[in-house]
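Okay, thanks for squeezing me in today. I'll put the structure up and walk you through a couple of spots in it.

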Amino acid sequence: MDPITQQTALASAGGKKDQVYVDDIFSTYLYTGNGQVRTIANGIDLDGEGGLVWIKNNQLAGGWALHLLFDTERSPTNSDNMYYLRSAGTNSQGGTNSNPNQDFGGWASNGFKLGVPNSLGSDAVNDSEATKYVSWTFRKQKGFFDIVTYTGNDTAGRTVSHSLGSVPGMIIIKCTSDTSDWRVYHRSTGNTKILALNTENEAQTYSHWNNTTPTSTHFTLGDSSTVNGSGRDYVAYVFAHDDASFGTDGDESIIKCGSYVGNGGTKEVDVGFEPQWFMIKSSSEAATDWSIYDVMRGCDQSGGNMPRLQANNAEEDISNLRVQTTQSGFKIVSENSYDVNYNGKDYIYMAIRRSHKPPEVATDVFAISTRLQRTTAGSSYPRAVSNFPVDVALRRNNINSTDNPYLASRLTGAGINTDQTNAEWIQGHLFFASNLGLSTGSGAAETTDYYWMFKRAPGFMDVVTYTGNGSGGGNTPNSINHNLGVAPEMIITKNRSNSGYLWLVYHSGLSSINSALVLNGSGAESTVSGVWNNTAPTSTQFFLNLGENNYNNMSYIAYLFATIPGISKVGSYTGNGGTQNIDCGFTNGARFVLIKKTSNSGSWRVWDTLRGIVSGNDPFISLNNSNAQTVNNDSIDPHSSGFSVNASDYVNESGGTYIFYAIA
């Protein structure tokens, strides 16, 4: 039984769902300052479980725009003084006053609290000037993260207990009562080396760890004043490595602390999963930063490269550090930088897995919105509301006949028109840097501008970028890894780097594994010899032959879809020339329906409940053209199990064959 089916069966049986996912214990959350008392609802229980919140002003450098770290061990309750540390400095901890309505307000069962700016300064965590912030939240959890406070005794061999339940991969220690450097242990540099989070220094040989490797219950210290000075107070942030106890089956790792050697060119680092957050530091070269990347802040929109922040510095920086995530780690693209990939230099990293929690309801992963009016001066987040981080967006103005449908992804920061053969390009007003929807630029509300928004989730949808290798057939297909967790039932592929190439579509409802459809056309199903290498996709890979979606050294994107009971349905049917109900296994009908006739020509038509799926005329748009929506047509009707189709060549010609994709 695959993980998605297992979780669904467990929930249906009323079983206890005690699995822990990375979604429950880690969050990157972007927000805009408003200078008011508020809760940042990132879904992490800090009030009950405890943890660390790390905040950075994304737009400013220096002053109070430095990295600020708050944790529940040094400030257990919201009535306490909220103590902070700065990762870019040596200062002892500072404290706000104990008023939870000012500065950093403390802990909530679903995140953390902010108040009006006061002693921390207006730029620190919540200014009133609509400044953008990033927050990283680490919840305490065995196998992932722990926080320990202790008082030093200046005795070599002193042990400090922790509750991680596994051997730490990295430990970050700061003296909170005195000025001193941060100290970092990493499993890849070993128990005789230290790094400093606040400096660019390489790993240096010292006895801070008493030449003793940490265990699953404690770590050992030397007598250095930066980790164990007599009478001094310390906090230790303890991170796990490769503890495979998470996910639906309790066998997935969500954090890795590893290393690699730079090559000065393109470098792929295999982490074992697709990360959503990672930090890199050279351990053998001085003058290198602690570079932090996360998928929420998006890409630079010029090739899918991620902006970085530096734990030892103040500014967000894209520069020429061309770093991207992959299905199994991260890739540095042709970059001979000391910071991330200098030839022959050693690097350490810590990486955290991307979201891997299966959705419970369709609204967890799919939303429809028009373009809303900006509600806060200077703020543009969000203007198309989803209430989840959007990974894929389909945008279309439904009445403008010159507006091409546009499909874009967070993974690349760009998109392609579905009715054309152009290469990937930037639609300048659509941005993914929000946890709650899309930024869509400035201007007034636009009720005819529609956004269909999807979140990547196991069993529901995945996005993959890949490079063609120009091969296929026999034992040499281009095997593309994915993280959908089940075999995809629909795959949409497109050349990103070159214009003039078709959108090719695989669908499990087609008559042959050698068949394909063209998304930017209206043609019937056609046989394309070996297009999918005569091999059905699996829960981990899909397969390509030489052709339109696999030319050598060209860049591609693939969108993968599957059926989750009660949430989504990939299916097919044969028309009866009258009216028939299409059972998708839903209970309240479909909110989104995509239908394509496969036995003859027919457009890729989209209906949704925001524009109206009713007992009467239902407006639809087509993905393969820029025509204004058709409004005087009653091809489909609502039905509780999915949708109904009426007598129409579009959707229910007698004997005609059709494929569809529907979301509850």
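**A strand and a tyrosine**

So, let's start with a pair: Gly-51 in strand E3 has Arg-139 as its bridge partner in strand E9. Keep in mind that this is a predicted model.

That pair belongs to a longer match-up. E3 covers residues 51-57, E9 covers residues 132-139, and the two run antiparallel, joined by seven bridges. E3 also pairs with strand E4, residues 68-71, again in the antiparallel sense, this time over four bridges. If you want one position to click on there, Val-53 stands opposite Phe-70 in E4.

Now, how many residues of E3 are buried? Seven of its seven. In a regular strand, side chains alternate between the two faces of the sheet. Here, Gly-51, Val-53, Ile-55 and Asn-57 point one way, while Leu-52, Trp-54 and Lys-56 point the other way. Both sets are buried, and yes, that includes Lys-56.

Okay, moving along the chain to Tyr-406, which sits in strand E29, residues 406-409. Is Tyr-406 buried or exposed? The relative accessible area of Tyr-406 is 2%, and the cut-off for buried is under 20%, so this tyrosine counts as buried.

Who's around it? Beyond its neighbours within four places in sequence, Tyr-406 is in contact with several residues, including Leu-394, Arg-395, Ile-416, Asn-417, Trp-425 and Ile-426. With Trp-425 there's something specific: the Tyr-406 side chain reaches the backbone oxygen of Trp-425 at 2.7 Å. And one more tryptophan, Trp-452, is 46 residues from Tyr-406 in sequence but 10 Å away in space, C-alpha to C-alpha.

That's my tour, thanks.

Notes
Residues numbered from 1 in each chain as written. Predicted model: local features only at pLDDT ≥ 70, side-chain atom pairs only at ≥ 80, totals over all residues. Heavy atoms only, no water. Buried < 20%, exposed > 50% of the residue type's maximum accessible area, 1.4 Å probe, protein only. Contact = heavy atoms within 4.5 Å. Polar contact = N/O pair within 3.5 Å; in protein donor to acceptor, adjacent residues only side chain to side chain. Pairing = 2+ DSSP bridges.
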